Amino acid sequence: MSHRKIPVQQGRQPSTGASSRIYSRDNVSRYSERARQRRKSRMIKRGILGAVLAVLLVGVVGVGAWFFHITGNLRGNGFIGANVLQILNDSDVAREPFYMLLLGTDGRPGEDVYRSDSIILARVDPVEKKAALISIPRDTRVVYKGETMKINATHSIDGPEGVIKAVNDLCFDGEQKVSHYAEVNFPGMEQLIDAVGGIDLEATEEVDDPAHLDVKVEKGWQHMDGRTALAYARCRYTYADGDYTRMRHQRQVLGALASKILNDLDPASIMGTIESLSNVVITTLSPQDILAVANAMRGMDVGNDMYVANIPSYADGTTYVNGVSYVFVYEDKLAEMMAKVDAGENPDGPQTMGSETGNGSTLSDISGSAFASGDTEDESAAE
């Protein structure tokens, strides 16, 4: 009986159960399903990413539109023009000291010509977290365009440009040092103070002038709403030194407002505060500038690191020119004081008429110890 050998086919391996499972019809179906799910997942992720990018784009455009709108408001929608910007000193407001001119005006909505009722030259130092507020009496005699006039009249003639030039001439011997400008009218100041929830300060004098003001203010440490603070900042007829006491009160109010914004306001609300500010204040500062300065100055010891004074000056029977009463400046004393201000030092400036320094030039010196220590009304009353 013969035996026939069966040839072995080279390269072909016996079939196994595992290979059958890999290439089965069921497995191909499952593979196709998983591939379809992966494609669907990638499409969903791309859709989500696209949606997020779209939201971010809309957000950027929205923020840009908001900044454009707020900047327009802050510039008075054209009130501050190129002629004003050209005479300002360029400065990095977040990284170096700069001067800013602050005006309170008696302007009303729709009026194009009005007077600057209060004039304050501020030096802000974001590096050292210090500031100085120097009041200039509105009746200060200046020579502008060859004519003798009160400094507040320069605003009526040439608007912001006029008063900026006059202050540069008066305080810096004509050198162009003012970097920024801001003005607010009386109703605007009241709204601004209310927008931040009011301010806390110690009223050093009583306000009781029913002939001119409809608000009475008692002496002492208290919380003031906008209406009360405005009355405190405007009263002058009942005081012996009139406008000088009023200027001192204005410096107190601005100091208390700065303290509220820099130290008590929720940082998350700063954008809303800027929007409120843009509705009542005209300024050369941009929203970005305001945010940068507020961030740099946050935590400032306002009571001790804000210097306050008025320029050394006087008014009496000898300060009349052609029948008009003016405030005359002690020019040598003013130059000495501004040199200290420019160096970031305590100006040791007067708080009333004359050139004497009195009891100090910090906000705490003129506002009482309660402002510096942050005592509450109850604690102050208990002393």
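Student: Let's start with S361 in this predicted model. What does S361 touch beyond four places away in sequence?

Tutor: Its partners are M306, Y307, V308, N346, P347, D348, G349 and Q351. They count as contacts because heavy atoms lie within 4.5 Å.

Student: And where is S361 found?

Tutor: In the loop between α11 (331-342) and α12 (363-367).

Student: What makes S361 buried or exposed?

Tutor: Set the value against the cut-off: buried means under 20% relative accessible area. S361 has 1%, so S361 is buried.

Student: Moving on to the helix. How do you know that the reach of α7 is close to what's expected?

Tutor: Helix α7 covers residues 243-264, which is 22 residues. The expected span is 1.5 Å times one less than the number of residues, and for α7 that comes to 32 Å. From first C-alpha to last, α7 reaches 30 Å, so the two values are close.

Student: Why is α7 called largely enclosed by the rest of the structure?

Tutor: Because 18 of its 22 residues are buried.

Student: Now strand β6, residues 178-185: why is β6 called largely enclosed?

Tutor: Seven of its eight residues are buried, so the rest of the structure largely encloses β6.

Student: How do you know that β6 pairs with β1?

Tutor: Pairing takes at least two bridges. Strand β1 (residues 98-105) and β6 have seven, in the parallel sense, so they qualify as a pair. Within that pairing, L102 stands opposite A182 in β6.

Student: What makes β6 and β9 a pair?

Tutor: Three bridges join β6 to β9 (residues 281-283), and at least two are needed, so they pair. These strands run antiparallel, with E183 opposite I282 in β9.

Notes: Residues numbered from 1 in each chain as written. Predicted model: local features only at pLDDT ≥ 70, side-chain atom pairs only at ≥ 80, totals over all residues. Heavy atoms only, no water. Helix = DSSP H or I, 4+ residues; strand = E, 2+ residues; numbered from the N terminus. Buried < 20%, exposed > 50% of the residue type's maximum accessible area, 1.4 Å probe, protein only.
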